[in-house]
Amino acid sequence: MDEKFKQRVQSRYQQALQRGERFWPDSIYKDLLVSLGLFLLLIGLATFVGVEPEPRVDPNDTAYVPRPEWYFLFLFEFLKFIPGQLEWVGAIVVPGIGVTVLLLLPFIDRNFYRHYSKRVLALTVMGVIVVDIVMLTIMAFAPAPAPEQSAIKSMQMWAGLIIPAMTLILLYAFSGILKEPASQRKTMITTASIAAIAIIVLAGGSAFTLQRNAPPKEKVAVAGTIPEQIAQGEELYAVNCTECHGADGDVTVIQGVEGLDGKVVTPISSKDVMYTFTDDTLFNIISDGLPELGMVPFGTASGGELSPGEIGAIVTYMRYTWDDRVEVPEAAQGGGIPALAEGEVPSYDVHIAPLTKRYCVSCHRAGKENNNYLMTSYEEMLNTGDNAPNVVAGDANSILLQVIQGHEVEGKTGTINIMPPNGKLLKDEYVDMLIRWVMAGMPQTAEDAAAAATPAP
Amino acid sequence: MASKLYHWLNERLGFDDLYKGLLDRPEPRGTWWNTLGSATLFLFTMQVMTGIFLLMYYTPSPDHAYDSIQYIMNEVAFGWLIRGIHHWSATLMVLLVFLHMLRVFATASYKYPRELTWVIGVFLLLTTLGMGLTGYLLPWNQRSYFATTVATEIAGLVPGIGAFITRTLRGGTDLSALTLSRFFAAHVWMLPALLTVLIGIHLYLIIRHGESEYPTEED
Ligand code: HEM
């Protein structure tokens, strides 16, 4: 850098000052206005968006998927494309080079010119990098594709890594080959705009497909509202606890459970339990189990499947449903099984699924003793079981209808108990619901049920 | 009387010179893009102020950190507002530092004679990210715990000395009370002090060289 160049820069700067403004008040005025705007924005964000609540640390919750602050997400996403043994290259070397280049930029970029038209290379490199960072961040926010969605994965790889990398290499190649300034500019501008458009289209496309194929997000209602927690807890209770404690927590003698048949238990919905156990005690019993007494542990910490948030939801459900000292928030009432109107035909989707989920699925799912009769879906309910079919359209003597009305049935594999086996039959309205459903030909959807209700003309 | 007092004070403190030197300077014609730097500075001061408030109630120990945050959010008058501002201001600050850097790059303001302003700026960027990283752990909740586990693991990938770095950051093999107190110390003392010094140099350099002008065709 010679003295003449420096003098030229200085004298041009002096000219710019002549034509310029005053720091006070011209610039300060703009600065203050922006700061004020930011201040209002901050208050708005703090008031209306707030800080997302998070549960307390639980180092044993290995199922927790860690997520860095959003401004590190692009690095995280970038690392996903790097094969395991090269991770240190992606995590250390590449960012290291990035920071070094940034730090030494004034000494690397020896181009004297400052006007945009004379810095096309530098500006497009910056553009490609910025677009890529933005894109990686967007991809990180989209849910991860399932392993079988390999097409999307490789598309992401192209959009996130390969195209930007190739663009950068191409840009350098062009700037090397084409020394002629004017033509260089034109070609580079064309290449750069094509690359930028390609990147944006690919990113948009992959983000869009991802969004559409995304599995519905499993909602872990850790900090949800009370009604949400109760609903989640009810579901989890039905799946995990009904088999031993019954749908209403009032079982006194366990029946139909391998290894525990005939075991006497305290009804957990009784005042005895509700009044003497605190939420923490309940939480610990569910989490750690009562191994000597036959209750299995459910917390992930003890080898079970429920996260602390889920166990918390079960406790909330139990407390609000069985403890007569607390009031249930209105929104949580109703129980999820819609009542039937006079003459209405129930459908699987609307009525039967919630009913079986609450009262039967806990035993009638894979891995339990149940004569291989699974009830987790419509097809299973119609077709599985050692004595299948257990429901026959229009047959009031279907096995299922008999056992829920308290009649044992002689099956091929022995006697089938009444259901649920703990001796307390379903409420009359639910028995009636199942009878009406079978008699109407077991409609699956609400439309089928409506069609079955109006006899064909 | 008032003017006499003014004169006396001015003679010793010299506001007139300050006014001339700092405020009444000519500047090249600027645009709204030139406010990004001062906007970052504003957010930094917000962080310092709200941070001091949070410090009054926050306890950096694994047993109490989470509860002290709950306490700030639910019990302390306007605690939620202070924490909300601190949280969002941190987010915006990273965004603005980045945008500020992009605008400086776009106008080529890092060239002679402002090379060092840029170099200091890069350190400012790194320190700001460091503030974000260390602050993330302090609420001691699921997200912070596991994100920090991963971040310190990544630091462990440095060939040769990786294991040492991870151990130093964590204060042991696992995240523990020591990790929390280290991150806390970094977040409330070391990095802010560093940031303040760096910002001081940054601003000194900006005043010394003046804000750069927008380049014209001949530049
Ligand atoms: C905590 C973070 C930072 C603060 C508080 C800060 C503050 C400022 C302020 C107030 C200005 C003058 C107004 C303006 O041009 O916007 C400025 C200019 C400048 N900043 Fe920063 N800055 C920060 C980070 C950075 C970073 C990350 C870089 C680049 C890597 C950078 C490079 C520069 C340069 C080169 C100038 C001179 C621009 C010119 O003269 O046109 N700064 N900074």
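**Notes on the A–B model**

1. Buried residues make up 51% of the 219 residues in chain B. Please keep in mind as you read on that this is a predicted model. Chain B's secondary structure amounts to nine helices and one strand, and along the sequence these run in the order α-α-β-α-α-α-α-α-α-α. So much for the layout; on contacts within chain B, those with a separation of 6 or more are made to 69% by residues 24 or more positions apart.

2. Now to the partner. Chain A has 457 residues, of which 40% count as buried. Its secondary structure consists of 17 helices and three strands. If you take the contacts in chain A between residues at least 6 apart in sequence, 57% of them join residues at least 24 apart.

3. The interface deserves a good look in your viewer. On the chain A side 77 residues take part, and they are in contact with 82 residues of chain B. The area buried between the two chains is about 7500 Å², and carbon and sulfur atoms give 67% of that area.

4. What about polar interactions between the chains? Counting residue pairs with both members at pLDDT 80 or more, 26 are in polar contact between chain A and chain B. Six elements of chain A are worth colouring here, as each gives two or more residues to the side that touches chain B: helix 1 (3-18), strand 1 (21-22), helix 2 (23-49), helix 3 (73-80), helix 4 (87-108) and helix 5 (120-141). Helix 2 of chain A supplies the largest share of that side, with 18 residues. By residue type, the side of chain A that touches chain B divides into 48 nonpolar, 20 charged and nine polar residues.

5. How many salt bridges does the rule find across the interface of chain A and chain B? There are four. For a concrete case to inspect, try the salt bridge in which the side chains of A:D109 and B:K111 meet, at 3.3 Å from N to O.

6. One more feature links the chains, this time through strands. Strand 1 of chain A pairs with strand 1 of chain B (residues 26-27) in the antiparallel sense, over two bridges. Within this pairing you can look up A:R22, which stands opposite B:P26 in strand 1 of chain B. Strand 1 of chain A is also among the elements that give two or more residues to the side touching chain B.

Notes: Residues are numbered from 1 along each chain as its sequence is written. Chains are lettered from A and ligands numbered from 1 in the order in which they are written. This is a predicted model: local features need pLDDT of at least 70, side-chain atom pairs count only at pLDDT 80 or more; totals for chains, interfaces and linings use all residues. Side-chain values use heavy atoms; hydrogens and water are left out. Contact means heavy atoms within 4.5 Å. Buried area is the accessible area (1.4 Å probe) that two parts lose on being put together, summed over both. A polar contact is a pair of N or O atoms within 3.5 Å; within protein, one must be able to donate a hydrogen and the other to accept it, and residues adjacent in sequence count only if both atoms are side-chain atoms. Helices (H or I, at least four residues) and strands (E, at least two) are DSSP runs, numbered from the N terminus. Ala, Val, Leu, Ile, Met, Phe, Trp, Tyr, Cys and Pro count as nonpolar, Asp, Glu, Lys and Arg as charged, and the others, Gly among them, as polar. Two strands pair if DSSP finds at least two bridges between them. Buried means under 20% relative accessible area, exposed over 50%, partly exposed in between (1.4 Å probe, protein chains only).
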